[in-house]
Amino acid sequence: MRLIEKGVLIVISGPSGVGKGTVRAAIFEQENHNLEYSISMTTRNPRQGEVDGEDYFFTSKEDFLERIDQGQLLEWAEFVGNYYGTPLDYVQKKLDEGKDVVLEIEVQGALQVKNVMPDACFIFIAPPSMPELRKRILGRGTEEIEVVNKRMAKAEAEIGLAHEYNYIVINDTVDNAKERIMHIIEAEHSRSARVLENYNKNIAEL
Ligand code: 5GP
C-alpha cells in the first residue's frame with residue numbers, strides 16, 4: 001500500500017502591517033493549491049469586517065487560558081496585550097490527510113513550533129523598509145497612534161529574529177511575494193529528508 005505523504009507545515013511570520021494577510025489571501029485565491037489555512041484563536045476584539053470562525057476564533061481570556069492548560073494549542077503568544085494561539089487538532093488532522101497547512105503567526109509562536117516541529121518550513125515576510133511599514137500600518141487606519149508605535153517597536157524586535165527562519169521574502173509587491181512563497185512551498189516537497197522518508201517506505205513496490 002502506498003503511504004500518504006504527510007503535508008508540509010508552513011509557518012509564515014512578519015511584522016504586523018507588512019501585508020501578510022494580503023499575501024496569504026492572494027495565495028489562497030489561486031486555483032489548484034493544496035493548502036489549508038489554520039484559523040487562529042485570539043482574545044483581541046474583532047476589527048471591523050472580521051468574521052468569527054473565518055478570520056479568527058474570537059474568545060475570552062478565561063477560555064484561552066483553559067485551552068493552554070488542556071494542551072489544545074500547538075503554540076501561543078501574548079502580542080500587544082492580547083493572546084493568540086493555534087488549535088493543535090486541526091493542524092494535525094490536515095497534515096495527516098496530506099494537506100499543506102499554513103500558519104500565520106508572530107515570532108514567539110513560530111519559535112515554539114520550531115522546537116516541536118523542526119522540519120516545518122519557516123518563512124519570514126519583511127517590509128521593503130521601516131518607513132514603508134509605518135505607512136502601511138497607518139494606512140490601515142484602525143489603530144490608535146499609541147498602538148501603532150507599539151506595533152512598530154514590536155516590528156523591529158521581530159525583524160531582529162528573521163534569521164531563525166528558513167526563508168525571508170520581501171513584500172515589495174503582493175504578486176512577487178506570493179510567487180516566491182509558492183516556489184518555496186514547491187521546493188519544500190523536494191527536500192531530501194521529506195522525499196526519502198516516503199521513498200524508503202515505498203521503495204519495495206516502486
Ligand atoms: P493581528 O492583531 O494584527 O491580527 O495579529 C497580531 C499578530 O499576531 C500578527 O503578527 C499575527 O500574525 C499574529 N498571530 C495571529 N494568530 C496567531 C497565532 O495563532 N499564534 C501566534 N503566535 N501569533 C498569531
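## Around the ligand

Let's start where protein and ligand meet. In this predicted model, a polar side-chain atom of Tyr-84 sits 2.6 Å from an oxygen atom of the ligand. Once bound, the ligand has 96% of its accessible area covered by the protein, out of the 500 Å² that the ligand has on its own.

Two other residues make a similar kind of approach. Ser-40 places a polar side-chain atom 2.6 Å from an oxygen atom of the ligand, and for Arg-44 the distance from a polar side-chain atom to a ligand oxygen is 2.7 Å. In total, 16 residues surround the ligand. Ser-40, Arg-44 and Tyr-84 are listed among the closest, together with Tyr-56 and Glu-106.

## The largest nonpolar core

Now let's look at the nonpolar residues. The largest nonpolar core is made of 24 residues. Which of them have the most contacts inside this core? They are Ile-10, Ile-12, Leu-35, Ile-123 and Ile-181.

Both strands and helices build this core. Strands S1 (9–13), S2 (35–37) and S8 (121–126) each give two or more residues, and so do helices H1 (20–29), H5 (130–140), H6 (145–159) and H7 (174–188). H7 gives the most, with five residues.

## Ile-10 and a second core

Ile-10 is a good residue to find in the structure. Leaving aside residues up to four places away in sequence, Ile-10 touches Leu-35, Asp-100, Val-101, Val-102, Leu-103, Cys-121, Ile-123 and Ile-185.

Apart from the largest core lies another one, with 18 residues. Its members include Leu-9, Leu-74, Leu-103 and Ala-162.

Note on methods: Residues numbered from 1 in each chain as written. Predicted model: local features only at pLDDT ≥ 70, side-chain atom pairs only at ≥ 80, totals over all residues. Heavy atoms only, no water. Core = buried A, V, L, I, M, F, W, Y, C linked by side-chain atoms within 4.5 Å. Buried < 20%, exposed > 50% of the residue type's maximum accessible area, 1.4 Å probe, protein only. Helix = DSSP H or I, 4+ residues; strand = E, 2+ residues; numbered from the N terminus. Contact = heavy atoms within 4.5 Å. Near = heavy atom within 4 Å. Polar contact = N/O pair within 3.5 Å; in protein donor to acceptor, adjacent residues only side chain to side chain. Areas by Shrake-Rupley, 256 points an atom, 1.4 Å probe, with all protein chains shown as cover.
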